[in-house]
Amino acid sequence: MPRRRQATLRSTASAPFPLALIPAIPLCMTQPPDLNIFLVAPPGLEPVLAEEARERGFEGVTVTEGGVAVRGGWPEVWRANLELRGAGRVLVRLGAFRAMHLAQLDKRARKFPWGEVLRPDVPVKVEATCRASRIYHAGAAAQRIEAALREAAGMTVSAEAGLRVMVRIEDDLCTISVDSSGESLHKRGHKEAVGKAPMRETLAALFLRQCGFRGDEPVVDPMCGSGTFVIEAAEIAAGLKPGRARRFAFEDLATFDAAAWEAMRDGGAAVAPAVRFFGSDRDAGAVRMAAANAARAGVDEWVTFRQQGASEAVPPEGGPGLVIVNPPYGARIGNKRLLYPLYGALGQVLRERFAGWRVGIVTSEAGLAKATGLPFLPAGPKVAHGGLGVTLFRTGPLG
Ligand SMILES: C[S@@+](CC[C@H](N)C(=O)[O-])C[C@H]1O[C@@H](n2cnc3c(N)ncnc32)[C@H](O)[C@@H]1O
């Protein structure tokens, strides 16, 4: 086997795409396009996103560190952005070539078929990373790619561009990807009002999935803040597409087909869920915010938000179902000490009133979860969120 090909078949745990899947030629040159599509996931929750991708009919689903690889053409790239609730963003690998030094990077980047995917009238920015490679200066690598884009392909390069070309040089292999999402996918496009510590929608969707929620049971969040869990649950139950109300970076690519995209985005109507979704918070402002967010998301018919303390929570009709909540958690020790009674009281309410319901609690401290006295299953992984690691603690149906 020639040396160049061998290098492309090596695999490393931290590569954004499993290198075993990377052919030596730019993929966009193959007919029909068979792209490596990478769905970014919070480390630890990759298998949960993989399950969602499989359920949504994506092919070649492979779990890797930091995400999930799937295969398909550009319509699958659009559909991943539109439909997958757990993906943080969707990256598309455009190709890879060996680059042992900057002059080689420069030469090969100038031959790269940029024009098959990028448009000269849409500015791009370049981000580069280097790892375990002879080229170790990411800034210099980015400059070479920018020069190739400008001078050989006639593209517009700007640090302010919304469209991102990502260059990763690892083991002397230069992999070029484009970020097809643009703004992070947790920005669904209908949430204007956020509280102090909002849960990211993508993470909320993955936690709901880990709790076994599939849209056919009521959900209660007794400390709902801006209403993320409740709104996400109602959207899932109604079969709404998470990306229906926002723009994506792929709309600026040469591969975009506006008519086909609009048909995909607008196809399939929402169905009124058979169950209802409930949020409450002691803070009146949070409740107003949650209701406004639900209205913007178009799920206000199926959700109820009310101002009340968690100690007043009672199970709504239509259960049993799922209680999912991320109570306040703090980074400072003193702050944490004040939280134990709050968690204890929440646990007592759930144990005494919510027989048959399952509970999911997202918090930063195993000790706080333990203070609820709830019978948790083995805890999931710690997931980075808001500068802290948070964990989902789940129960089976309460006795
Ligand atoms: C971490 S935030 C929840 C964020 C929410 N998941 C979101 O996505 O916006 C915690 C929430 O718990 C509420 N809270 C704190 N103590 C409470 C109590 N005793 N009863 C009800 N809500 C409470 C706070 O007002 C705050 O909105």
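Student: What share of the contacts with a separation of 6 or more joins residues 24 or more positions apart?
Tutor: Keep in mind that this is a predicted model. The chain has 11 helices and 14 strands. Among its contacts with a separation of 6 or more, the share from residues 24 or more positions apart is 76%.

Student: How much of the chain counts as buried?
Tutor: Start with the outside: the chain exposes about 16,900 Å², with carbon and sulfur atoms supplying 53% of that. As for the residues, there are 399 of them, and the buried portion is 54%.

Student: Which helix gives the largest share of the largest nonpolar core?
Tutor: That core holds 110 residues, and L39, W74, L118, I176, F207 and F277 touch the most other members. Seven of the core's residues come from one helix, spanning residues 228-238, and that's the largest share: helix α7.

Student: Which residues does W74 touch, leaving out those up to four places away in sequence?
Tutor: W74 is one of the core residues that touch the most other members. Skip the residues up to four places away, and its list is P33, L35, V92, L94, V117, V178, L253 and T255.

Student: Are α2 and α6 roughly parallel or roughly perpendicular?
Tutor: Helix α2 covers residues 46-55 and helix α6 covers residues 201-210, and their axes sit 10 Å apart. The angle between them is about 85°. Angles of 65 to 115 degrees count as roughly perpendicular, so α2 and α6 are roughly perpendicular.

Student: How many charged residues are in the contact of α2 with α6?
Tutor: From α2 come V48, L49, E51, E52 and E55, meeting L206, R209 and Q210 of α6. By class, three are nonpolar and one is polar, while the charged ones number four.

Methods. Residues are numbered from 1 along each chain as its sequence is written. This is a predicted model: local features need pLDDT of at least 70, side-chain atom pairs count only at pLDDT 80 or more; totals for chains, interfaces and linings use all residues. Side-chain values use heavy atoms; hydrogens and water are left out. Helices (H or I, at least four residues) and strands (E, at least two) are DSSP runs, numbered from the N terminus. Buried means under 20% relative accessible area, exposed over 50%, partly exposed in between (1.4 Å probe, protein chains only). Contact means heavy atoms within 4.5 Å. Accessible areas come from the Shrake-Rupley method with a 1.4 Å probe; for residues, only the protein chains shown count as cover. A nonpolar core is a set of buried Ala, Val, Leu, Ile, Met, Phe, Trp, Tyr and Cys residues joined through side-chain atoms within 4.5 Å. Axes are lines fitted to C-alpha atoms, for helices over the stretch in contact, and angles run from 0 to 180 degrees between N-to-C directions. Angles under 35 degrees count as roughly parallel, over 145 as roughly antiparallel, 65 to 115 as roughly perpendicular and the rest as oblique. Ala, Val, Leu, Ile, Met, Phe, Trp, Tyr, Cys and Pro count as nonpolar, Asp, Glu, Lys and Arg as charged, and the others, Gly among them, as polar.
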